[in-house]
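Please work through the exercises below with the sequence and the structure at hand, trying each task before reading its solution.

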Amino acid sequence: MSELFYDAAPNATRVAPARETERRYPDKPAEVSLFGTCVVDLFFPEAGLDAIRLLEQQGIRVHFPQQQSCCGQPAWTSGYREEARAVALAQLDLLDDGRPVVVPSGSCAGMFRHHYLELFAEEPENLRRAEDLAGRTFELTEFLLKVCKVQLVDRGEKHKIALHTSCTARREMNTHLHARELLAQLDNVERIDHDHESECCGFGGTFSVRMPDISGAMVLDKTTALRQSGAAEAISADCGCLMNINGALEKQQQAFRGRHLASFLWERCGGEQ
Amino acid sequence: MNQRIPVTELASDFKGRAREALADSQLRSNFRTAMDSLMRKRADAFSDEDEREGLRELGNHIRARSLSNLPDLLEQLETKLTANGIKVHWAETVEEANEIVHGLIEAHDGRQVVKGKSMVSEEMEMNDYLADRDIECLESDMGEYIVQLDNEKPSHIIMPAIHKNARQVSALFNEKLGEHVSEDVDELIQTGRRILRRKFLEADVGVSGVNFAIAETGTLLLVENEGNGRMSTTSPPVHIAVTGIEKVVSNLRDVVPLVSLLTRSALGQPITTYVNLISGPRKPDELDGPEEVHLVLLDNGRTGAFADAQMRQTLNCIRCGACMNHCPVYTRVGGHTYGEVYPGPIGKIVTPHMVGLDKVPDHPSASSLCGACGEVCPVKIPIPELLQRLRQENVQAPDHEPAAVRGAGSKYSRKERMMWRAWVMLNTRPAFYKLFLWAATRFRALAPKKAGPWTENHSAPVPAARSLHDLARDHLKNSPIRGEKS
Amino acid sequence: MSARNNILTKLRTSLAGTTPRPDEFDESLVTGPWRYPPEQRIARLRELMEAVHTEVHQTTEGDWPELVAELLVKREITNLLYAPATPHGKQLARAWKDEADRPALRVYDRPIEEWKAQLFNEVQASVTGTIGGIAATGSLVLWPDRHEPRLMSLAPPVHIALLKASGIHDNWYDMMTDQNWAAGLPTNALLVSGPSKTADIEQVLAYGAHGPKELIVLILEDV
Ligand code: SF4
């Protein structure tokens, strides 16, 4: 597997990969590709569109390769490595043009950034391409904050929100502070901490259907914490979590909802700046 | 509300036990409160992030270095221990280990054994093995004692009785000991102390685990807070230590960072009350300490994990329990749900090698892969990565080439494999995928109201009226910054 | 021997073709954050030990036996286990000699088998020396020997330990390298960082689990 991180001999004893140094960011590019992710595609298309609008607002020409589908994560996390590889290869071919790739979801960005390297570990040519893709993949909030260096102008009313950060953004992508910083730029928005903020919402892809009882207990705690935080709505930069959180809230017949950060930002800061 | 959950009454499968645990509000609140507090303590003990991360890297380095040289280190350890007067025994299986321990006790006509906390002895189910042979083997760690008294297994590797509250312990003492003890924790502990003191006085043999075995000096290191470890290894005339073959480190100085990582990760303590380094039996001029010290080195599947370079990392584990303290799944279902000696994230990755993946087929899936465990592990075991690997092993076809884990392929299903093949078709052929999007959005009103287990906790998902593919194409066509029209 | 051979053979097979990882122990990670100016060592040790219910007194080479007497009388303790052959034991005996109303002195002069029940049930307190202390973790270091056997600091409910201020090291690593522990350890070396305790019930701390309920440290400052 990912020998890349480890000693070369296949049976050598592994040490942990070196601590990630702070990522170095390029200057703002003229063009990017948006990888929408399958969940956004089908269930949160507006969030994807708002991500495009936010990028355009920064003067960036956005491409949306129409051949894109899924990053391969569902199969990967279910243990279907070959199947994940096949789908990953299709995206790798598609995104091979050297353009930066922006993904409005931490977990799919994490697939590109980390797990493709494991999937293609034993195929030198594809591994090289995967490394290249990993190097130019950015999660949306990361891209806005670190590459575009946005200065958001808040045009909305006073508003209180709770922020749910996906576990991938937090632990795999190190982007968990980016959404916070973006929100902090909004003068009229107050971010309220919720109970057990750093805890998983219980989605975990197929975990939510394989272990519905445990996943259900987790999402019940998460939605309760979000509702009781005193915020008017929940914001997240990951549609997997949002599907989980909103689906559960609807089932519980609660009015409270979560919204994608891109939509929230576009609503408050959209238009010419 | 359940008073207690004796092992025998638990459901026979993971999911069933999870359901029972989730329904037990007392159990859930006991765990939530305890795990919250343990997480807070750990965070306080590692307030300097750089210091913590540097130390974790060192911890990982030491464990990896030891494993990379494990057979030689074990031999060095054996030579040194022998020179120090400690007798070394090797056991491939728990049966062999039990036979060795039993043989040693018999050789001294032992009838009473006191035991300090040892997870390896739990692997061996030593208490039961000895009880069947008319030898009383009494747990002396307070938590273990409580659990043993209630015929249970530990629900946490550091805090065995964490699933019980004081009221439950007091009821247990009243019932089993005929002692009228209040729910005051001090009073409960003093009762335990009184009873166990007598046992320490009378015991013929003391059994303990080992936290680290130091090859350089031939030393067994044990950490603890209660003093029962010191008692068990000092007071009886014979001391038998049992441990896994992975516990060896090269140098004495290696234990400095490891002990610090262990006690801070486990309990948030800068150090435990006692760090006990044992390098031999009583010398001729000494007045106490056991006349004989034995070490039993147990394999029990460890060589199997060792054979695979990725799974070998499970042997880094120093059994601190931090991964379970931070696990949102463990916090909700508690330790007994796992049905095995080691619960929580660490249990999920070590148990398959001990008992076979087919005995714990649901373990790898019982994780949202949130990564909290890997984030806190003091020796940087990539637990989520290993869970992922086990999921792969779990769905391998049974005829797959030599399996890396015993009992692999236990979740293999042709139907599911076919389903994923179809998913591949859908996601690698843009025309299919678009057709799928078209159909899903067009016929969204027909989306099923029940979508399997998903709708147990969620409303049925309804696709949007138009997919992002559609919206993006239209938008980019008219965008002031023109995009690709593909 | 076959279990041994099987285990070692399996391990060797798995490592075939690899070399052991080099030793890259970075000692600065275990010493750097744990260095203190000499004048702060006592304060650091005190703070940590007191946080876990240790009673700490700063006293002098000449005065400590009087302090011991005072502490025992206050607790209404009637006997004290001590080691007569050690320098501090001799000093204690001198201080006790002409005082009739002090707790009776008892000695650990026989193998444990001959008086285990008495040690466990009758002895109320003990006083022992230490070979030093560790500021970083708030620990005492004991190397029990024939004069001060292992159970002496464990069985009695009250343990009084003498710690020379000059024997306090910054951290464990420094101490073990300064004293070259790797060259040879005693039968039993101990780090003791407070009275015995447990948090096994509801995480509520209770002191006096199996070892001493009270640990009293006397820091001797003029040596
Ligand atoms: S896997 Fe890591 S965190 Fe879990 S018990 Fe082992 S050392 Fe501790």
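**Exercise 1.** Describe the surface and the charges of chain C in this predicted model.

Solution. Begin with the accessible surface of chain C, which comes to about 9200 Å², and note that 50% of this belongs to carbon and sulfur atoms. Then turn to the charged side chains of chain C, of which 22 are positive and 30 negative, with the centres of the two sets lying 8 Å apart.

**Exercise 2.** Work out which elements make up chain C and what share of its residues is buried.

Solution. The chain C elements are seven helices and 12 strands, and the C-alpha trace spans about 75 × 45 × 40 Å along its principal axes. Of the 223 residues in chain C, 56% count as buried.

**Exercise 3.** Give the corresponding description of chain B.

Solution. Chain B contains 22 helices and 10 strands, and buried residues account for 66% of its 486 residues. Among the chain B contacts between residues at least 6 apart in sequence, 72% join residues at least 24 apart.

**Exercise 4.** Locate Trp438(B) and decide whether this residue is buried, partly exposed or exposed.

Solution. First, find helix 20 of chain B, residues 430-442, where Trp438(B) lies. Next, take its relative accessible area of 43%; because buried means under 20% and exposed means over 50%, Trp438(B) is partly exposed. Finally, look at its surroundings on the surface, where Trp438(B) forms a nonpolar patch with Leu435(B) and Phe443(B), the three together having about 340 Å² of accessible area.

Definitions and conventions. Residues numbered from 1 in each chain as written. Chains lettered and ligands numbered in written order. Predicted model: local features only at pLDDT ≥ 70, side-chain atom pairs only at ≥ 80, totals over all residues. Heavy atoms only, no water. Helix = DSSP H or I, 4+ residues; strand = E, 2+ residues; numbered from the N terminus. Buried < 20%, exposed > 50% of the residue type's maximum accessible area, 1.4 Å probe, protein only. Areas by Shrake-Rupley, 256 points an atom, 1.4 Å probe, with all protein chains shown as cover. Lys, Arg positive; Asp, Glu negative; His and termini not counted. Charge placed at Lys NZ, Arg CZ, Asp CG, Glu CD. Patch = residues over 30% accessible without salt bridge, like charges linked within 9 Å, V, L, I, M, F, W, Y side chains within 5 Å. Salt bridge = Lys/Arg side-chain N within 4 Å of Asp/Glu carboxyl O. Contact = heavy atoms within 4.5 Å.
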